[in-house]
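Welcome, and thanks for taking a look at this one with me. Please open the structure below and keep it beside you as you read.

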Amino acid sequence: MTAFRNIVKISAPIDEKKLSKLKCSDAVAMTGTIYTIRDMSLKKLRTQKKAVLNFKNAAVYFCAPTDSKKPGIPIGAFGPTTTARMESGIPFLLGAGAKTIIGKGPISEGLKRLFSKNNCVYLLATGGCGAYYSKFAKSSKIILFPELGPEAVRVVEVKDFPLVVAVDLKGKNIFHASNN
């Protein structure tokens, strides 16, 4: 991570003051609690009659982690899902208070504006690094929808989870060089 101009340590749940200091292309080392959500679990969350999770200041990771096959290892593969696939459910998460979305790939202009409007930062995890990312998970627990297997909602405690700021609070976007 030394190639980045700045490495910022942040804790999750997210302190909004810390979010305002994150700049597009900063490297981030996240420590704390994140929620993993994927297509089916997000669909089920959106259809609940009442809120079943408190996402206030939460970090949400679009991921379908596997169980570990090794004793003492809390999680198996822990790689990101393409954020564009999850776009229709993101307004729900932001409306519920999420302040950080973690995924992979570029996002639409509309989603970028929605992030800015809701004071949310988009962080990138690198695709293909699921085995590597599992080393940063300190604990993992399924908290909702266990019948969905890897797509169940989990709470994962991470330490120094390496990410990159893709879209900051000012709307600067790593995928558009003219915005940096």
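The points below go through the nonpolar cores and then the strand pairing.

1. A word before we start: this is a predicted model, so please read each point as a description of that model.

2. A good place to begin is the largest nonpolar core, which has 28 residues. Ile37, Phe55, Leu93, Ile101 and Phe115 have the most contacts inside it. Several elements each supply at least two residues of this core, among them strand S2 (27-37), helix H4 (109-117) and strand S7 (153-167). The largest share, five residues, comes from S7.

3. Apart from that core lies another, of 26 residues. Ala12, Tyr61, Phe161 and Leu163 are among its members.

4. Ile101 is worth clicking on. Leaving aside neighbours within four places in sequence, Ile101 is in contact with residues including Val60, Phe62, Leu93, Phe115 and Leu123. In soluble globular proteins, nonpolar side chains tend to be buried together.

5. Where does S7 sit? In S7, 12 of the 15 residues are buried, so this strand is largely enclosed by the rest of the structure.

6. Next, the partners of S7. S2 runs antiparallel to S7, and nine bridges join the two; here Val28 stands opposite Leu163. Strand S6 (residues 137-144) is also antiparallel to S7, with six bridges between them, and Ser140 faces Val156 across this pairing. S5 pairs with S7 in the antiparallel sense too, over three bridges, with Leu123 opposite Val165.

7. Two residues link these points nicely. Leu123, opposite Val165 in S7, is also one of the contacts of Ile101. Leu163, opposite Val28, belongs to the core of 26 residues.

Technical notes. Residues numbered from 1 in each chain as written. Predicted model: local features only at pLDDT ≥ 70, side-chain atom pairs only at ≥ 80, totals over all residues. Heavy atoms only, no water. Core = buried A, V, L, I, M, F, W, Y, C linked by side-chain atoms within 4.5 Å. Buried < 20%, exposed > 50% of the residue type's maximum accessible area, 1.4 Å probe, protein only. Helix = DSSP H or I, 4+ residues; strand = E, 2+ residues; numbered from the N terminus. Contact = heavy atoms within 4.5 Å. Pairing = 2+ DSSP bridges.
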